[in-house]
Amino acid sequence: MSQRGKMAVKSMHDSLRIPGSQEDSVAAAKIATILDRHGRDGTRLVQILREVQDVEGWLSPATLSAIAEGIGWPRAQVESTANFYSFFHTRPLGEYRVLFSDNITDRMLGNQDLMRSLCHKLWLEPGQASEDGLVSVDTTSCTGMCDQGPALLANYRTITRLTPERIDEMAHLIRRRVPVGDWPSDWFHVEDNIRRRDVLLDHGLAPGEALAAALDRGPAGLLGQIERSALRGRGGAGFGSDIKWRSCRDAWGDAHYVICNADEGEPGTFKDRVLLSSYFDMVVDGMCIAGFAIGASKGFIYLRGEYRYLLDRLETRLAQRREAGLLGRNILGRGFTFDIEIHLGAGAYICGEESALIESLEGKPGKPRIRPPFPVTHGYLGQPTTVNNVETLALAALIAVKGGEWFRAIGTPASTGTKLLSVSGDVERPGIYEFPFGVTVAEVLAAAGANDTQAVTTAGAAGSCLAADEFGRHIAFEDVPTGGSIMVFDRSRDMFEVARNFAHFFAHESCGFCTPCRVGTAVNARLLDKLANDHGSPYDLDEMEKMHRLMQGASHCGLGNTATIALRDMLAKFRPAFDRRLHSPDYEPGFDLDAALSQARRMTGRDDPGAHLTDNLSAQAGEHPSEAQP
Amino acid sequence: MSTATQDAAVGTTPRKLKVATVSLAGCFGCHMSFLDIDERILPLLELVEFDRSPITDIKHCGACDIGLIEGGVCNAENVHVLREFRANCKVLIALGACAVNGGLPAQRNHLQIADILQQVYRTGHGLAEGSQIPNDPELPLPLNQVHPVHEVVKIDYFLPGCPPSGDAIWVFLTQLIEGREPALGHGLLHYD
């Protein structure tokens, strides 16, 4: 930054700073401590903002200025990051921030009534902080607790299995200003709900065993086994892991990096949560193995903000592994050095996209980069980086021990191995099911105890929606690809409401970088609201089809490209659910025209026929305005 | 467009198409831009006949083939006129930024119309003593918000631009008159 730029920033700081009190200087000292802990390094801005917000409650203009000064970044850049993420607030939102998970599965379990009830008890409107600055209540995207919902985040700590009784008690606790840490501990209990184990969930390996096997094989031998295994990425896209690792290894750079993508944001997915909770050593082994294969000595776990409750536990486990010689310098006494750092996200679905994730890891808003160049050559800090899903890394650890041929014998020729499925919705046994690839949707439904099933979404909000006649199809990259989210809807469910929930999810989560996605997702949400408000017309359905075709081709990244797939499927396969909502076969405005004159009528005191608008188009056709009848 | 194409267009048109145009909450800039087709208005008049339009000063539109709407919808009269056009025109086109998106007049949308009326007629500077908000039934009431035309009636085509250039309007209309799906390529549709 130029000297003049620095001075401008400095004078802005001065003008924004509230006149110094003792409280201010204490806050400034706390901010300075956090900044120092992060080496005043701007690439750590997302972590800095979260920690400062934890202390301060919100990110005030003065706080942002202090952080900008501390890391030597322009203030606008700091503000741009602070404003991008849902979990950062640049206005005070109360000592208690309650966010109801608003995935369709939470809705099916009654989260809307619970939220209304909590707002009622606390005398506030959703989204607004209470007048005494005590509490705010709002919704957030799926928190990954679909098998034990409805769920919410209280000051970013996960609470599951909400009931009206829990909500009653929560309102009391908040009014009595009981710290969230002192709330009943069973509220915070998160179940694994593992319902079917296969080779991964029954691995039987000791921590570090897979890593030792990988070191024995050497990088070339290891890559050979990964290649023979035909392992494909478990995040959903199914890219060949060996190709990714080899390209990264072969790319020139000052340093290579491994990133574990634990930003499990797809609505209805919670398998990575279980792997991190109960199979963390397999994941860490997998990361070390990836680091060994590509020649990296540093790895990051990008943990979604919704899984904040896991952070301390995972940090502790990493420290234990360092002590046991399973992480850090000279691992297993074999001269291999690799360490891992956990970065916490802050509520942005888009950061599951690998280049957006890297941007976030560098302290910036999570907006996808233009690709190519791909992260394998130009990733974190412009260096060769491999980004792998949590499950992929755990499977790589398994392959390091058991070998590629063994793995390849499981699943189908094009989709080898097993897949973890997060099953939720209308099933008797929601939870994690590990099946070999090639399993039919019907088999999964039977295992989970689904009855009278109407529809299944097979890749969260961003993938296909199957109707009953398609349940014989196979879960595999070549037939029904999935990142692991299986949401089940029985015949009592209104698929229109499913589509509307997804549309609002995407409108909220679009990063806003490209117009087709930013506008398209908002248009779809508005059109579905129009139908919900009994103003629907067939033209609105046509418009959604058009928006689907446009966004497919013109969006910048996968979010826009996949945001309309489920909607398109539902429009095609569950048309009656939409047709039921059509007000008339003709065009229908999206708002009440007569009500749109309400303010002018009030201000002029008029109530004559000319001061009203009917909704009957033909009544006025060709007539003079003043002759129009109410 | 070449003379040959113009001739072909004339040759294939069995009768003159009827065209109506109107400016709602607009500035007439799109109409001025329409006139920027200059001398091409003469071959156009070989193909079309104007019904209701500022060019003809006809007050109500009869059965038409093409309707061009400039401007958004800001008051009750705009709604009536727009509905009249929709009821009478086979093809209705939103012409220019205000018709397509609400445009400049829609900048009032973040304010309450009640506050605006209060400020302009009751509490603003330089008003006569006892000044009142006009309430004559002859005056159309303003809507709470300004809307793009497609939020009030079905619109068949959108021709964006502030204003769309005379060339864009010419190409769009002649394609439509020739019975083709209008498509403005690079140069006629751009952001600067």
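**Notebook: helices, cores and the A–B contact**

I started on the outer face of α2(A). Turned away from the buried side of this helix are the exposed residues Gln22(A), Ser25(A), Val26(A), Ala29(A), Thr33(A), Asp36(A) and Arg37(A). I note that the model is predicted.

Next I took the inner side of α2(A). I found Ile31(A), Ile34(A) and Leu35(A) as its buried residues. Viewed down the helix axis, they fall within an arc of 100°, so they line one face of α2(A). The general rule is that an α-helix has 3.6 residues a turn, so residues three or four places apart point the same way. I then looked for what lies over the buried residues of α2(A). The cover includes α3 (45-56) and α4 (61-71) of chain A.

I checked the length of α2(A) too. The helix runs over residues 22-37 of chain A, and its 16 residues should span 22 Å at 1.5 Å a residue. I get 23 Å between the end C-alpha atoms, which agrees. Just past the helix, Gly39(A) has a positive phi of about 60°.

**Second helix, α8(A)**

I repeated the exercise on residues 164-175 of chain A, which form helix α8. Its 12 residues reach 17 Å from first C-alpha to last, close to the expected 16 Å. Which residues of α8(A) are buried? I list Arg166(A), Ile167(A), Met170(A), Ala171(A) and Ile174(A). These buried residues fall within an arc of 140° seen down the axis, so they too line one face of the helix. On the face turned away from the buried side I found the exposed residues Glu165(A) and His172(A). Among the elements covering the buried residues of α8(A) are β1 (96-101), α7 (111-122) and β2 (135-140) of chain A. Arg177(A) follows the helix, with a positive phi near 55°.

**Cores**

I turned to the largest nonpolar core, which has 173 residues. Which of its residues touch the most other members? They are Val283(A) and Ile289(A). Helix α12 (residues 280-294) of chain A gives the most to this core, with 11 residues. I followed Ile289(A) further, leaving aside neighbours within four places in sequence. Its contacts are Ala210(A), Leu211(A), Ala214(A), Leu222(A), Ala396(A), Ala397(A) and Ala400(A). I also found a second, separate core of 52 residues. Val81(B), Val146(B), Val153(B) and Ile177(B) are among its members. In soluble globular proteins, nonpolar side chains tend to be buried together.

**Chain A as a whole**

I counted 25 helices and 15 strands in chain A. Its C-alpha atoms fill a box of roughly 90 × 70 × 50 Å along the principal axes. I compared the radius of gyration with the rule for a compact globule. For 630 residues the rule gives a value near 25 Å; chain A has 26 Å, which agrees. Buried residues make up 52% of the 630 residues in the chain. Of the contacts in chain A with a separation of 6 or more, 72% join residues 24 or more positions apart.

**Where A meets B**

I closed with the contact between the chains. Here 27 residues of chain A are in contact with 28 residues of chain B. On the chain A side, the elements that give two or more residues are α24 (598-604) and α25 (617-620). Of the elements, α24(A) gives the most, with 7 residues. By type, I split the chain A side into 14 nonpolar, 9 polar and 4 charged residues.

Conventions: Residues numbered from 1 in each chain as written. Chains lettered and ligands numbered in written order. Predicted model: local features only at pLDDT ≥ 70, side-chain atom pairs only at ≥ 80, totals over all residues. Helix = DSSP H or I, 4+ residues; strand = E, 2+ residues; numbered from the N terminus. Expected span 1.5 Å × (residues − 1). Buried ≥ 20, exposed ≤ 12 C-beta atoms within 10 Å, placed from the backbone. Arc of directions from axis to C-beta. Contact = placed C-beta atoms within 7 Å. Core = buried A, V, L, I, M, F, W, Y, C linked by C-beta atoms within 7 Å. Rg over C-alpha atoms; globule rule 2.2 N^0.38 Å. Nonpolar A, V, L, I, M, F, W, Y, C, P; charged D, E, K, R; others polar.
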